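Notebook open, coffee next to me. I'm going to look things up one by one and jot down what I find.

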Amino acid sequence: MHALSQKAKQVSTSLQTEEATKNALVMPFLHTVLGYDVFDPNEVIPEFTADVGTKKGEKVDYALMKNSEIQILIECKKYKESLSVNMLLNCLDIFLLQMHGLLF
């Protein structure tokens, strides 16, 4: 974890996009800290389609799987980008619906 923290400091000025942030920080975190094989689609599904109610095609950046069941949904933003309340509520809706069949 310390190594990833140091890496974030070293590369932070180069992380101009969400994709760069995912490649440099998120994927190494998923692999090194959480132990997921980021290249195994049975464990990590990138661009997971998480339809919410009548909204179709809603996507989250990653769904982490175990025994074919969603364990964690991850929405990424570029390094240092702030999340709005609306973004957070949308993520909560997706999570509750996918994980529990509920809508917030």
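**Entry 1: a patch on the surface**

I started on the outside, where Met1, Val33, Leu34 and Ile72 form a nonpolar patch with about 350 Å² of accessible area together. Note to self: this is a predicted model. I looked up one member of the patch, Val33, and found its place in helix α2. Val33 has a relative accessible area of 34%, so I wrote it down as partly exposed.

**Entry 2: His31 and what it touches**

Still in helix α2, I went to His31. Is His31 buried or exposed? Neither label fits: at 49% relative accessibility, His31 counts as partly exposed. That value falls just short of the exposed class, because exposed means over 50%.

Next I asked which residues His31 touches, not counting those up to four places away in sequence. I got Tyr36, Asp37 and Val38. I also checked His31 against Val44: they are 13 residues apart in sequence, and their C-alpha atoms are 9.9 Å apart in space.

**Entry 3: the nonpolar cores**

Which residues make up the largest nonpolar core? I listed 10 residues in all: Val26, Met27, Leu30, Tyr36, Val38, Val44, Tyr62, Leu64, Ile74 and Cys76. Two elements, α2 and β2, give two or more residues to this core. Helix α2 gives the most, with 3 residues.

I picked Val38 from the core list and looked up its contacts, leaving aside neighbours within four places in sequence. Val38 is in contact with Met27, Leu30, His31 and Val44. So His31, from my last entry, turns up again here, since it is on the contact list of Val38.

There is another core apart from the largest one. It has 8 residues, among them Phe48, Val60, Leu73 and Ile94.

**Entry 4: the strands**

Strand β2 runs over residues 59-66. How many of its 8 residues are buried? I noted 6, and that makes β2 mostly covered.

Then I looked at the partners of β2. On one side of my list is β1, which pairs with β2 in the antiparallel sense over 5 bridges. One bridge I wrote down joins Val44 to Leu64 in β2. The other entry is strand β3 (residues 69-74), which also pairs with β2 in the antiparallel sense, over 5 bridges. Here I noted that Tyr62 has Ile74 in β3 as its bridge partner. Val44, Leu64, Tyr62 and Ile74 are all names I'd already copied down from the largest nonpolar core.

The hairpin of β2 and β3 has 2 residues between the strands. In this hairpin, Asn67 takes a positive phi near 55°.

**Entry 5: salt bridges**

How many salt bridges does a search of the whole structure find? The count is 5. A reminder from class: side chains of opposite charge can pair when their charged atoms come close.

I began with Glu19 and Lys22, whose side chains meet in a salt bridge at 3.3 Å, N to O. Both lie in helix α2 (residues 18-33), 3 residues apart, about one turn of the helix. Are the two partners buried or exposed? Glu19 is partly exposed, with a relative accessible area of 46%. Lys22 counts as buried, because its relative accessibility is 4% and buried means under 20%.

Lys22 also meets Glu47 in a salt bridge, at 3.7 Å, N to O. Glu47 lies in strand β1 (residues 44-49) and Lys22 in helix α2, so this pair ties together parts that are 25 residues apart in sequence. I checked Glu47 too: it is partly exposed, with a relative accessible area of 41%.

What is Lys22 in contact with, leaving aside neighbours within four places in sequence? My list reads Met27, Pro28, Glu47, Asp61, Tyr62 and Cys76. Met27, Tyr62 and Cys76 are also in the largest nonpolar core.

Another salt bridge joins Lys77 and Glu75, with the closest N and O atoms 3.0 Å apart. Lys77 counts as partly exposed at 22% relative accessibility, and Glu75 counts as partly exposed at 29%.

Last thing I looked up: salt bridges that share partners join Glu18, Glu19, Lys22, Glu47 and Asp61 into one network.

Technical notes. Residues numbered from 1 in each chain as written. Predicted model: local features only at pLDDT ≥ 70, side-chain atom pairs only at ≥ 80, totals over all residues. Heavy atoms only, no water. Salt bridge = Lys/Arg side-chain N within 4 Å of Asp/Glu carboxyl O. Helix = DSSP H or I, 4+ residues; strand = E, 2+ residues; numbered from the N terminus. Buried < 20%, exposed > 50% of the residue type's maximum accessible area, 1.4 Å probe, protein only. Contact = heavy atoms within 4.5 Å. Pairing = 2+ DSSP bridges. Core = buried A, V, L, I, M, F, W, Y, C linked by side-chain atoms within 4.5 Å. Patch = residues over 30% accessible without salt bridge, like charges linked within 9 Å, V, L, I, M, F, W, Y side chains within 5 Å. Areas by Shrake-Rupley, 256 points an atom, 1.4 Å probe, with all protein chains shown as cover.
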